[in-house]
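Dear colleague,

I am handing over the structure that I have been looking through, and I would be grateful if you could read the notes under it with the model open beside you.

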Amino acid sequence: MKSDKLTDEDYGALAEFRFALRQFQAFSSEKAAQQGLTPQQHQALLALRAAPREDATVGYVARRLLLKPHSATGLVDRLEKLGLVTRHSMAADRRRAQLELTPSALELLASLSATHKEEIRRLRPLLDELLARFA
């Protein structure tokens with residue numbers, strides 16, 4: 001978008017971009033459900049897998065998923081009950097718990113992530129085209 005005034009093309013590009021994102025989100029939700037996860041549980045596992053070990057806390061999950069701390073606690077509680085996450089007291093602050101993905105979570109996440117990577121590769125030409133319309 002070259003100026004502050006939006007054109008019909010700008011609105012079209014924004015609409016198409018949002019549609020592509022929603023399609024990916026729907027794809028992701030379906031794949032997570034096929035593995036017995038909610039989209040939020042999948043996103044939490046992904047955030048924890050990508051986090052530096054010392055940052056893998058409930059607070060980190062809350063920040064990455066844009067959740068209130070109590071909502072993130074409930075989410076992590078459910079992941080723990082599913083056997084996907086374990087909690088360990090942190091040496092520096094025993095009140096805080098470090099989260100760790102279990103081997104079954106790592107296996108599940110690897111499968112989901114491979115599928116997602118393929119879908120992103122499939123969508124890349126469309127996303128590249130849409131992003132170029134904003135340059």
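Below is what was found, taken by topic.

Please keep in mind throughout that this is a predicted model, and that every value given here was computed from it.

Helix α1

Helix α1 covers residues 8-34, and for its 27 residues a rise of 1.5 Å a residue leads to an expected span of 39 Å, which agrees with the 39 Å that separates its end C-alpha atoms. The buried residues of this helix are D10, A13, A20, F27, S28 and A32, and the elements that they pack against are α2 and α5. Just after α1 comes G36, whose phi is positive at about 85°.

The crossing of α2 and α4

The axes of α2 and α4 come within 10 Å of each other and cross at roughly 85°; since an angle of 65 to 115 degrees counts as roughly perpendicular, the two helices are therefore described as roughly perpendicular to each other. On the α2 side the contact is made by Q40, Q41, A44 and L45, while α4 contributes L75, R78 and L79. Sorted by character, the residues of this contact comprise four that are nonpolar, two that are polar and one that is charged.

Salt bridges

How many salt bridges does the structure hold? There are five salt bridges in the structure, and several of them are described here. As general background, side chains of opposite charge can pair when their charged atoms come close.

The pair E100 and R53 forms a salt bridge in which the closest N and O atoms are 4.0 Å apart. Because E100 lies in strand β2 (residues 97-101) and R53 in the loop between α2 (39-50) and α3 (58-65), this pair ties together parts that are 47 residues apart in sequence. E100 is partly exposed, at a relative accessible area of 32%, whereas R53, at 52% relative accessibility, counts as exposed.

D128 forms a salt bridge with R124, and here the closest N and O atoms are 3.3 Å apart. Both residues belong to helix α5 (residues 103-132), where they are separated by about one helical turn because they stand four residues apart. D128 counts as partly exposed at 40% relative accessibility, and R124 counts as exposed at 53%.

In the salt bridge between R87 and E80, the closest N and O atoms are 3.0 Å apart. R87 has a relative accessible area of 28% and is partly exposed, and E80 is likewise partly exposed, with a value of 33%. These two residues also belong to a network of salt bridges that links D77, E80 and R87.

A backbone point at L66

Which sign does the phi of L66 have, positive or negative? Although L66 is not a glycine, its phi is positive, at about 55°. In general, most residues other than glycine have a negative phi, and for that reason this residue may merit a look when you go through the backbone. L66 is found in the loop between α3 and α4 (69-81), and with a relative accessible area of 78% this leucine is exposed.

With best regards

Terms used: Residues are numbered from 1 along each chain as its sequence is written. This is a predicted model: local features need pLDDT of at least 70, side-chain atom pairs count only at pLDDT 80 or more; totals for chains, interfaces and linings use all residues. Side-chain values use heavy atoms; hydrogens and water are left out. A salt bridge is a side-chain nitrogen of Lys or Arg within 4 Å of a carboxyl oxygen of Asp or Glu. Buried means under 20% relative accessible area, exposed over 50%, partly exposed in between (1.4 Å probe, protein chains only). Axes are lines fitted to C-alpha atoms, for helices over the stretch in contact, and angles run from 0 to 180 degrees between N-to-C directions. Angles under 35 degrees count as roughly parallel, over 145 as roughly antiparallel, 65 to 115 as roughly perpendicular and the rest as oblique. Contact means heavy atoms within 4.5 Å. Ala, Val, Leu, Ile, Met, Phe, Trp, Tyr, Cys and Pro count as nonpolar, Asp, Glu, Lys and Arg as charged, and the others, Gly among them, as polar. The expected span of a helix is 1.5 Å times one less than its number of residues.
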